[in-house]
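Please look over the structure shown here before reading the notes that go with it.

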Protein chains: 4
Amino acid sequence: MKNLVLLSSIAVLARDVTAMYNGLAVTPQMGWDNWNSFGCDVSEDLLLNTARKIVSYGLRDAGYTYVILDDCWSSGRSPGANGSLIANSTRFPNGMADVADRIHDLGLRFGMYSSAGSMTCARYTGSLGYEEVDAQTFADWGVDYLKYDNCYNEGQSGTPLITYNRYKKMQVALNNTGRPILYSLCNWGEDYPWKWAQTISNSWRTSGDITDFFDRHDPRCPCPPSNGINCALPGFHCSAMNILGKAAPYIDKGIPGSWNDLDMLEVGNGGMTDAEYVAHFTMWALVKSPLVMGNDFAKLGGRDLSILINPAVIAVSQDPMGAGAFRRWIYDVEDRDGMAEAGTIQMWSGALSGGDFVVALLNAGTRPRMMNATLADIFVDSGAEHSELAQQSWDLYDLWGNRMPEEIAAGIIGGNVTLGAGAANVTDYYYNATAKSYAEGLASNDMLLMGTAAGSVQPMGVVEAMVEGHGVRVFRMRMRSRLLRRRDEL
Amino acid sequence: MKNLVLLSSIAVLARDVTAMYNGLAVTPQMGWDNWNSFGCDVSEDLLLNTARKIVSYGLRDAGYTYVILDDCWSSGRSPGANGSLIANSTRFPNGMADVADRIHDLGLRFGMYSSAGSMTCARYTGSLGYEEVDAQTFADWGVDYLKYDNCYNEGQSGTPLITYNRYKKMQVALNNTGRPILYSLCNWGEDYPWKWAQTISNSWRTSGDITDFFDRHDPRCPCPPSNGINCALPGFHCSAMNILGKAAPYIDKGIPGSWNDLDMLEVGNGGMTDAEYVAHFTMWALVKSPLVMGNDFAKLGGRDLSILINPAVIAVSQDPMGAGAFRRWIYDVEDRDGMAEAGTIQMWSGALSGGDFVVALLNAGTRPRMMNATLADIFVDSGAEHSELAQQSWDLYDLWGNRMPEEIAAGIIGGNVTLGAGAANVTDYYYNATAKSYAEGLASNDMLLMGTAAGSVQPMGVVEAMVEGHGVRVFRMRMRSRLLRRRDEL
Amino acid sequence: MKNLVLLSSIAVLARDVTAMYNGLAVTPQMGWDNWNSFGCDVSEDLLLNTARKIVSYGLRDAGYTYVILDDCWSSGRSPGANGSLIANSTRFPNGMADVADRIHDLGLRFGMYSSAGSMTCARYTGSLGYEEVDAQTFADWGVDYLKYDNCYNEGQSGTPLITYNRYKKMQVALNNTGRPILYSLCNWGEDYPWKWAQTISNSWRTSGDITDFFDRHDPRCPCPPSNGINCALPGFHCSAMNILGKAAPYIDKGIPGSWNDLDMLEVGNGGMTDAEYVAHFTMWALVKSPLVMGNDFAKLGGRDLSILINPAVIAVSQDPMGAGAFRRWIYDVEDRDGMAEAGTIQMWSGALSGGDFVVALLNAGTRPRMMNATLADIFVDSGAEHSELAQQSWDLYDLWGNRMPEEIAAGIIGGNVTLGAGAANVTDYYYNATAKSYAEGLASNDMLLMGTAAGSVQPMGVVEAMVEGHGVRVFRMRMRSRLLRRRDEL
Amino acid sequence: MKNLVLLSSIAVLARDVTAMYNGLAVTPQMGWDNWNSFGCDVSEDLLLNTARKIVSYGLRDAGYTYVILDDCWSSGRSPGANGSLIANSTRFPNGMADVADRIHDLGLRFGMYSSAGSMTCARYTGSLGYEEVDAQTFADWGVDYLKYDNCYNEGQSGTPLITYNRYKKMQVALNNTGRPILYSLCNWGEDYPWKWAQTISNSWRTSGDITDFFDRHDPRCPCPPSNGINCALPGFHCSAMNILGKAAPYIDKGIPGSWNDLDMLEVGNGGMTDAEYVAHFTMWALVKSPLVMGNDFAKLGGRDLSILINPAVIAVSQDPMGAGAFRRWIYDVEDRDGMAEAGTIQMWSGALSGGDFVVALLNAGTRPRMMNATLADIFVDSGAEHSELAQQSWDLYDLWGNRMPEEIAAGIIGGNVTLGAGAANVTDYYYNATAKSYAEGLASNDMLLMGTAAGSVQPMGVVEAMVEGHGVRVFRMRMRSRLLRRRDEL
């Protein structure tokens, strides 16, 4: 007899066979990038100060390992044919190799940025036509990650083939260096990277740049959330709900080693409410987007930290099965902001390793409401009302039930609380993935990764929860009855 | 004076001239493929056990001749330049040539699968760049059919020309082997295969993968049924009504030797009601899609078998004229499921050989309703109310009137009923096309291929029938009056 | 001071400078093609019998000079490399050169057909890759016109450049023969021929094939009339109103020597009412589509002939200015057929030579209605209410006021009425453009080309008329006051 | 602490780094082109007479430096291979070099026109394939500006890459001449020039040609204002509001040295009301379109001149920051003309140099109305209600408060008022940018560039104004409190 999980998700199982690309990003990469809060205001100090806080706040241990320097770092090329890129010596007085060394010394990895164009988006020197020399420069400096942008690409777009060829050049160049460098495409979903990027990259951006709003429409991000698959102008100033809505049709295209990148996180930047940030972070984790923080650590609040560090949500992101959750339904609602893309309620669910599942009730309306999801809908991939999974009982675990209290988080930020062994009140909320990987923690049922027990659902029953406006409730589901499993073992 | 059929369908007549491509699939291919119910869980035993049931259930005799092994069968390439593909020796311990031999011994043909990409969709080794060596391997193994997928195609898409060139390579390679191999494109309708695939293939997939639902919308199949001609992301989890609706504009592009492939059948997989499966199967037959079963024979019920084996419906699929039925009208209705793509009623009709026609009243609403179609609409291609055809009387034959009773079908499945010569009660429902082809049977007015008499329609009259929700009524129409035909003979 | 016409239509004036392409089709070509009524049922007899009727009915004299043999005429290629196309010897026992000679002897020109693909649409041998040899064959046979189709084009589409290159090959080949051959592209508007076809052809089809319905939607012509500029599947069975609506945005792209081709006429084929045929014919003339009859002369009725032969309407088509009329407004109306694309009313107007204008009130609703158009809207190109033209008085001439009476037309068809010099009652309705060109007739104010006086309109006034359902009223407008002109002469 | 402006507009700051392309058009170019009012009716006299008026009316001093000769000036090529273009000797009896000299003598610059096609749009000889020879001809003649059109481009379009390559050829050719020539692309937004034109040109047209209507829909400009990013047929006869609406998503793509060109101005051509022209001119200035006059100076009225010469509005266009304003919101309103694209109200705002901002309340409805904009919306880029900018007090300056009185403007036109030093009443309204650049004037708070004081807005307050139908109110905003700035200086 066929395995139950197989029955429910043939496509998922099919994926466990071949390792992707270059062996990196087996789960979605995690880290920090300066762009969202600092833009061009980059420096050695910024990177190192931030890196130190990533360590001291416990975020490195939570999995945020890449410290990524975005645009505006260069002073052009050295003279001569194929001159290599030069770091701005004012901003980086000790040079990039030194920055990389110091970041490595902190147990972190170093990411940099260029563009598959003649200029970067901020109009610094780009790498188009200089792929080999620039890849070698990055490798020589000790770079572990390349975010590769799309500005000023000299018209080299219009079909998947044209764009693929352009990005392929840097992939070959990076591989030729011999150094493992995570390759993060940033062409904003143009020419459908979900069709072709898996074999040449570790992630691909799906849309125009994110902005620090939950669902505000901006004309510079002209395609609505319902149009994520054929957007002629990705733009920027895209809201979190815009980007998420666009990605719904192609979440499955992300696979271990190569992921849909919904862009960096805005958590902590002040433009959203706490509930909105929780929803933003939760959904990014569920759909297997890279989790790259975009905040200014000088401004990070306790509540912000308690979002970014939540082990139970990160465990979904880093689940070894590597399968994103899917949107099962979406309905329009009347309650919405004036400039909102739309007011909707949505239900997302997906399979996790070990037979668990995750379900999210997303309220993108403005009013709080009771929401519910039938097991038939949650398990629609295994047959809806005909599903054997829907005919089981399931225990629920609230992924935000064990959120770190604000005062503890604030204590960490303020230096009053340490993450050391004796800090019992911290270890209730803080997971050290460098000591025990998420896969190991999940296999051993570490409760930090489970969230808190939140009742159970009967066969063919309903998951129900009160959800605040612009908020989410999200649960891990674990099969209660072992009846079927025993049958499997016969 | 011009022939009446010519008057009514110039385009159809025009088609009788040149044989297509490679001489195969003069009528839409029929067979079985493991993907829909087994996914990657493939093996020699699965194929051979299934093949034996296809024979013993009478389905081979009904025309289902291709047994197709889908993805996940390989262990990569043998070492060296241009290494050939190797079958997984655990799953296929006797090798593929042996599997082919045994399938051939059963009077069936053997189909296999690869992808026009660097990997298959389940991330096994693909054939892109290895077309010649892989085609030769398939030919050496005795393969009769190649399903050729589209995953991981290294960006080689974006215009018909790019995609054509990619698929053309395998067509040339298959032809070069000298073995007749049915070539089944599976690029999901990308880059408009209906514009170019007829000269290089026997069929082309029109959409994303089917799922076992009648009309449920899934965000992973984002294009609505009304958009079958410009879908930027074919996706998967497409419902039967989604795929059918998408195909309505280009049914005519299928011609003898090269067909629109609306994807494999879901009959017997449990996700639809009996009425839905009847509608699904009927419409696939009318529009000349290949009829490739996708069920697990261990679970096939009597009612399922009685659908798959219905001679009167298969005779429409395999009609020698080779012209698909067209949708003549569609209207929205209010009664629909919450997640349905839409609620609609539709009328389809088309010409058959010998002057017959077929008409289907498709109720894709949830409620039963009386439906009717005027002869003017049925014969709109010959001038609607001005049509000489509409001014004739027509006898109707219900294509499901002679459906095999469930108990007989169950008896066949259970081994209690045999298909031998003495089984009179079976031969009322079972047609052996290996003994007498559908063309011959139609020419001799074999009543098994006609269905049951269901009244007649007067000149300019109306075909009327009660149709259950998510159901279909379908009739063969035969001209009653010979008046006009006599005039033709003058 | 600037000329008044210049003020009103800069773009039009700009066109008078350079002759297009090959010197043919300075006004839109006129003729007959067998496809619409005979399809593949072609023969020498059909062509010659039809040609004789074109002469005897006075249609040659009216300007219909090309007799065009469509698809299905060949028996493939002669053996050997670059074998030339062979005419079907059963259908054309005396060979094509003989057919051409006899057509030429009748004072007509001979057109033929091929496809820029490996096969024609009816799957006869196509010319792709054989452009030089086939062009020479056509020239050798004495062919004057090539309709060049788009079927089975081996994927050579997807950008204007790909399609242009394919059609360019035949253009070069035709030019190389040294024989003037009108080159009529038939790629159904794919890849935007209005952007590029003017420099390589005399006309280009704008849409899928026409069908003999006024406004019935057919799923095989999936793009609605509002989408003429980006139709991924042109299809066929397109209604007259569908094609006209699609063309509205690009009428201006047709210029002397190279025209938008809205496909052949259906007048006389029985699927439309007389009013609908009048509207169809009128609008094809106004928008400068080629006027290629598509009827069976054995079935042509008197009313049909009186449409096709109307001098006042043809004079608009053949006006030496060569500028199509534009749609000035369109409004939805409630009265429409069940399967209609839409119910609309529309106003079209355009400039003619000599300072005249034409205005059409098109009622594509089902009910008769009073319609009106302000001079401001008619002359919107010269400034609407600010227009100097709108501030003039205008005399109106009804282009259908002098329609040939049915009995006279029937007499011509029946052979009871001859077109000779003494037939005074015929010459009231029949214009011989071979004796005096339309340009000359217009210059001399020949009343046959004017229609009948139908009142006048005051400055800033309104053209008003009762228009039947699915009908049109169309007027030539001539400036009454010479006041302004006198000022010009100062 | 980070700079306040940086906080509010990272993207803007990022732009200050690299100079674009060829050093020209650091702010949007200003000038005059004959097409809108004269079309093909061009001559040496027209250019020189116009040039003299541009000087005498003070428009040269206001910044309108380019006098551009559009289409229809040539008589083809001189004989021989690579023959150079010849000026029409009737229209330009002294040759183009002479025209250029005399224009230069007036302190103006000379622009010319060609097409990246085999013919220009008016079917004169085009430059496709003759880029090098034509660029050299233009340079030899002393041309300072090339408008390069898109007609008859021989199918060379369909992807950004195809179109880029075609326009790149002329860019290389122009650069090779060594003469600085402003390169103005005119391919109507086809193939997304905002994605690729910045590195090869100084501006690119965004849409089909403008017409002298505020918001009238014309079928020849088929794409609605909401679809500016994927318009398959740019067309012509596009209204001002159509073009503006299309451009809203990509205003940010314009950068110093390379700008979105919304097409030439219609101010003074008579098709719009004064309020409409004010709105048209204002918005063109705010979005950083080139300001190229398109009027006939023989007809220019005083009110028209007072629009074109308004220093406070031009100072926004020529602001040294070079960042266009963005649309912050748009709402439909009921009051609209019958043929209007839509009735809307819109709010646009953007950053200016020196910490100022500009806000426009655009009423594209027909009725006057009170409009208002919150500081939160005006400063949405810096965080809406969280914005530090929104929490400041702002002084408002009405950019039209100091509009030149009609009688003074009429006096200038009539020659009764001179612009000399003693003309005190003129210098209240007339700014001489050749004496003091806009950047210098702004830095010195020249009140001519500020407009008139119009109240102030409290922190988190509202800008409110009565706006007439089809009108605009536009204000410069200057931070009142220096509190924050002082904090910055700490």
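The notes below describe how two chains are related, how they meet, and how one helix is packed.

This is a predicted model, in which local features need pLDDT of at least 70, side-chain atom pairs count only at pLDDT 80 or more, and totals for chains, interfaces and linings use all residues. Residues are numbered from 1 along each chain as its sequence is written, chains are lettered from A in the order in which they are written, and side-chain values use heavy atoms, with hydrogens and water left out.

**Symmetry**

- Chain C is superposed on chain B by a rotation of 90 degrees with 0.0 Å of shift along the axis, at an RMSD of 0.0 Å, where the fit is by least squares on the C-alpha atoms of residues with pLDDT of at least 70 in both copies.
- The two copies are thus related as by a four-fold rotation axis.

**Interface of chains C and B**

- In chain C, 38 residues are in contact with 42 residues of chain B, contact meaning heavy atoms within 4.5 Å.
- There are three salt bridges between chain C and chain B, each a side-chain nitrogen of Lys or Arg within 4 Å of a carboxyl oxygen of Asp or Glu.
- C:Glu190 and B:Lys195 form a salt bridge through their side chains, at 3.0 Å from N to O.

**Helix α6 of chain C**

- In helix α6 (residues 95-105), the buried residues are C:Met96, C:Val99, C:Ala100 and C:Ile103, buried meaning under 20% relative accessible area with a 1.4 Å probe, protein chains only.
- Helix α6(C) is followed by C:Gly107, whose phi is positive, near 80 degrees.

Methods:
Buried means under 20% relative accessible area, exposed over 50%, partly exposed in between (1.4 Å probe, protein chains only). Helices (H or I, at least four residues) and strands (E, at least two) are DSSP runs, numbered from the N terminus.
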